[in-house]
Amino acid sequence: MSQIFFLNGPNANLYGMDRHGTYGSDSFASIGERCQRRADAHGLRLQFRQSNHEGVLVDWIQEARQQANGLIINAAGLSYRSVPILDALLMFDGPIIEAHMSNIWQREPFRHQSLVSKAATGVIAGLGALGYELAIDALATLLQEPSA
């Protein structure tokens, strides 16, 4: 059974509490449950994690090098500034999906260029919690058919 890591960066734990609705109304816990069900449907073991700290995310990416076949990451605000996260991702040998709840290209200009994208196999953005589930679908397909 393949294992995947789904890593979430700063403030993702506040999903569902945003008064502007940028990230939808689903709580982080409910999104995690949806992702777990989707991973189960694909026969994948899921590590769904969140940290507000860059170094913790780097540690988890390094851990994934030893334990995971694929990786999904929403580095959140660190997507646009973290060279250490990019460097760690570039050392990961499996497929990487970058996921964002919001459409980052419809937001502030500084969000239009993600460093994470330089390491990602693909990007899913703007579909809210559904995008998280679709990221798991995409990763499952890539793990089954590496040429997909």
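Against which strands and helix do the buried residues of helix 1 pack? The legends below take up this question and then turn to the annotated positions of this predicted model.

**View 1. Packing of helix 1 in the predicted model.** The buried residues of helix 1 pack against strand 1 (3-8), strand 2 (45-50) and helix 4 (128-144). These buried positions are Phe28, Ile31, Gly32, Cys35 and Ala39. Seen down the helix axis, the buried residues fall within an arc of 100 degrees, so they line one face of helix 1. Ala29, Arg37 and Ala41, on the other side of helix 1, are exposed.

**View 2. Length and C-terminal continuation of helix 1.** Helix 1 comprises 14 residues, spanning positions 28-41. From its first C-alpha to its last, helix 1 reaches 20 Å, close to the 20 Å expected at 1.5 Å a residue. Gly43 follows helix 1 and has a positive phi, near 70 degrees.

**View 3. Surroundings of His100, a residue annotated as "active site".** In an unreviewed entry, UniProt assigns this annotation to Tyr23 and His100. His100 belongs to strand 4, which covers residues 96-100. Because buried means under 20% relative accessible area, His100 counts as buried at 4% relative accessibility. When neighbours within four places in sequence are left aside, the contacts of His100 are Asn74, Ser79, Tyr80, Ile124, Ala125, Gly126 and Leu127.

**View 4. The side-chain pair His100 and Asn74.** The side chains of His100 and Asn74 are joined by a polar contact of 3.5 Å. The two residues carry separate UniProt annotations, both from an unreviewed entry: His100 is covered by "active site", whereas Asn74 is listed under "binding site".

**View 5. Asp87 and Met101, two of the positions annotated as "binding site".** The UniProt feature, taken from an unreviewed entry, is placed at Asn74, Asp87, Met101, Ser102 and Arg111. Asp87 lies in helix 3, formed by residues 83-90, and is partly exposed, with a relative accessible area of 42%. Met101 is found in the loop between strand 4 and strand 5 (122-125). With a relative accessibility of 4%, Met101 counts as buried. What, then, is the exposure class of Asp87, and what is that of Met101? Asp87 falls in the partly exposed class because its 42% lies between the limits of 20% and 50%, whereas Met101 is buried because its 4% is under 20%.

How values were computed
Residues are numbered from 1 along each chain as its sequence is written. This is a predicted model: local features need pLDDT of at least 70, side-chain atom pairs count only at pLDDT 80 or more; totals for chains, interfaces and linings use all residues. Side-chain values use heavy atoms; hydrogens and water are left out. UniProt positions are given in the numbering used here, feature names are shortened, and annotations may be inferred rather than shown by experiment. Helices (H or I, at least four residues) and strands (E, at least two) are DSSP runs, numbered from the N terminus. Buried means under 20% relative accessible area, exposed over 50%, partly exposed in between (1.4 Å probe, protein chains only). Contact means heavy atoms within 4.5 Å. A polar contact is a pair of N or O atoms within 3.5 Å; within protein, one must be able to donate a hydrogen and the other to accept it, and residues adjacent in sequence count only if both atoms are side-chain atoms. The expected span of a helix is 1.5 Å times one less than its number of residues. The arc is that of the directions from the helix axis to the C-beta atoms.
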